[in-house]
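I set out to keep a short record of what I looked up in this structure. The entries follow the order in which I consulted the coordinates.

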Amino acid sequence: SDSIGFESSGGLPKEGPLARFGSFVGAGLLQELPERSWAAFGIPDVGALATGYLDLFESIPGFDRDQIEAQFTDETGLDLDEDVLSWMGDAGLFVQGTNLQEVGAGLVVGSNDPAKTQATLSSIEELVSEQGLHPRPVSRDGLEGFSLQAPGMPAPVYFLGGERLVITYGETATDAAIASEVKLADAEMFGAAQDVLGDDVDASFFVDVDAAQSFAESIMSFSGAVDPSYEEDVKPYIEPFAYVIAGARQEGDRFLQKLVIGVP
């Protein structure tokens, strides 16, 4: 009566590159993202997941992993596997703010080697400087890095590292990603959505539909007027929904996925 659910089930191969992807089912850092996130996406063990995709793509004709890694090293001075992917743990992406003045977004990645995380940021800062931009040193709550605000950008982008990598747009999003004690897991709507999804499913995707709709309409209003086709053909079908949440779990040799759309 209060939601629409979709479930699917698929078999996991026991051998080959795809066999390892069953272990990447999880919420990542989704529940630890800021409370006011209206869109959130969690990625478990992002370094190992990226490595898994590279292993998978090696079986595709024409895909040259060695060439890609060599090009990455030439451009950044970093070894893709050892200097970057090796320290990356769970991750999360979020968006908050329902108008262009308040909007903020961020990427948070857990680190198992803060020194390598700092080295990665130092290399990024050098590359940015070589492009003629002017990064400014920043220190926030034990994280070190820099901020960058290109001409015409309303707010700066922050690059901070230590026990985690934090890349955010906007002051409010930066403070929320680093220092906020109230997390998405504490938000009333997310909690209700997780209850419907089920305790046995790790949520990895969440959208507050009302907030997302407000943001979209703010963008349209900024351009001068709301598109009549949106008012007539889109809005009536969005308004009945409160949230979208999705997740998955592994059950034996099966990969189970679930998506729920909440109705107020």
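The entries below concern the sheet, its packing, its surface and its salt bridges.

**Entry 1. The sheet**

I note at the outset that the model is predicted. I began with the strand order. I found an open sheet of 11 strands, with antiparallel pairing, in the order β1-β11-β10-β9-β2-β3-β4-β8-β7-β6-β5. The edges are held by β1 (3-11) and β5 (136-140); each has a single partner strand, so one side of each has no neighbour in the sheet. I then looked up the twist: neighbouring strands are turned against each other by 15 degrees on average, with direction ignored.

**Entry 2. Strand β9 and its neighbours**

I asked how many residues of strand β9 are buried. The count is 5 of the 7 residues in 202-208, so the strand is largely enclosed by the rest of the structure. A residue is taken as buried under 20% relative accessible area.

I next listed the pairings of β9. With strand β10 (residues 243-251), β9 pairs in the antiparallel sense over 6 bridges. Within this pairing, D208 stands opposite Y243 of β10. With strand β2 (residues 39-43), β9 pairs over 3 bridges, again in the antiparallel sense. Here V207 of β9 is the bridge partner of A39.

**Entry 3. Strand β2 to β3, and the helices on the sheet**

I continued from β2 to strand β3 (residues 88-96), where I found antiparallel pairing over 5 bridges. A40 has F94 in β3 as its bridge partner.

I then looked up which helices pack on the sheet. Helix α4 (residues 114-130) does so by touching β4 (104-111), β6 (143-148), β7 (157-161) and β8 (164-169). The direction of α4 makes about 20 degrees with that of β6. Helix α7 (residues 209-222) also packs on the sheet, where it touches β9 and β10. The direction of α7 makes about 45 degrees with that of β9.

**Entry 4. A nonpolar patch**

I asked which residues make the nonpolar surface patch of about 240 Å². They are F41, L93 and F205. I followed up L93, which is placed in strand β3. Its relative accessibility is 35%, so L93 counts as partly exposed; the partly exposed class lies between the limits of 20% and 50%.

**Entry 5. Salt bridges of R140**

I recorded 11 salt bridges in the structure. In general, side chains of opposite charge can pair when their charged atoms come close.

I examined R140 with two partners. The side chains of R140 and E171 form a salt bridge at 2.8 Å, N to O. This pair links distant parts of the chain, with E171 in helix α5 (residues 171-179) and R140 in strand β5, 31 residues apart. E171 has 38% relative accessibility and therefore counts as partly exposed.

The side chains of R140 and D175 also meet in a salt bridge, at 2.9 Å, N to O. This pair likewise links distant parts of the chain: D175 lies in helix α5 and R140 in strand β5, 35 residues apart. D175 is partly exposed, at a relative accessible area of 41%.

I then checked for salt bridges that share partners, and found D55, R65, E69 and D81 joined into one network.

**Entry 6. Residue E69**

I took E69 from this network for a separate look. E69 is found in helix α2 (residues 65-76). I asked whether E69 is buried or exposed. E69 is buried, its relative accessible area being 17%. Leaving out residues up to four places away in sequence, E69 touches L54, L80 and D81.

E69 forms a salt bridge with R65, and the closest N and O atoms are 3.0 Å apart. Both R65 and E69 lie in helix α2, 4 residues apart, which is about one turn of the helix. R65 is buried, as is E69.

**Entry 7. A long separation**

Finally, I looked up E82, found in helix α3 (residues 80-84). E82 is partly exposed, with a relative accessible area of 43%. I asked how far apart the C-alpha atoms of E82 and P236 are. Their separation is 50 Å, and the two residues are 154 residues apart along the chain.

Note on methods
Residues are numbered from 1 along each chain as its sequence is written. This is a predicted model: local features need pLDDT of at least 70, side-chain atom pairs count only at pLDDT 80 or more; totals for chains, interfaces and linings use all residues. Side-chain values use heavy atoms; hydrogens and water are left out. Buried means under 20% relative accessible area, exposed over 50%, partly exposed in between (1.4 Å probe, protein chains only). Helices (H or I, at least four residues) and strands (E, at least two) are DSSP runs, numbered from the N terminus. Two strands pair if DSSP finds at least two bridges between them. Contact means heavy atoms within 4.5 Å. Axes are lines fitted to C-alpha atoms, for helices over the stretch in contact, and angles run from 0 to 180 degrees between N-to-C directions. Patches are made of residues with over 30% relative accessible area and no salt bridge: like charges are joined within 9 Å, nonpolar side chains (Val, Leu, Ile, Met, Phe, Trp, Tyr) within 5 Å. Accessible areas come from the Shrake-Rupley method with a 1.4 Å probe; for residues, only the protein chains shown count as cover. A salt bridge is a side-chain nitrogen of Lys or Arg within 4 Å of a carboxyl oxygen of Asp or Glu.
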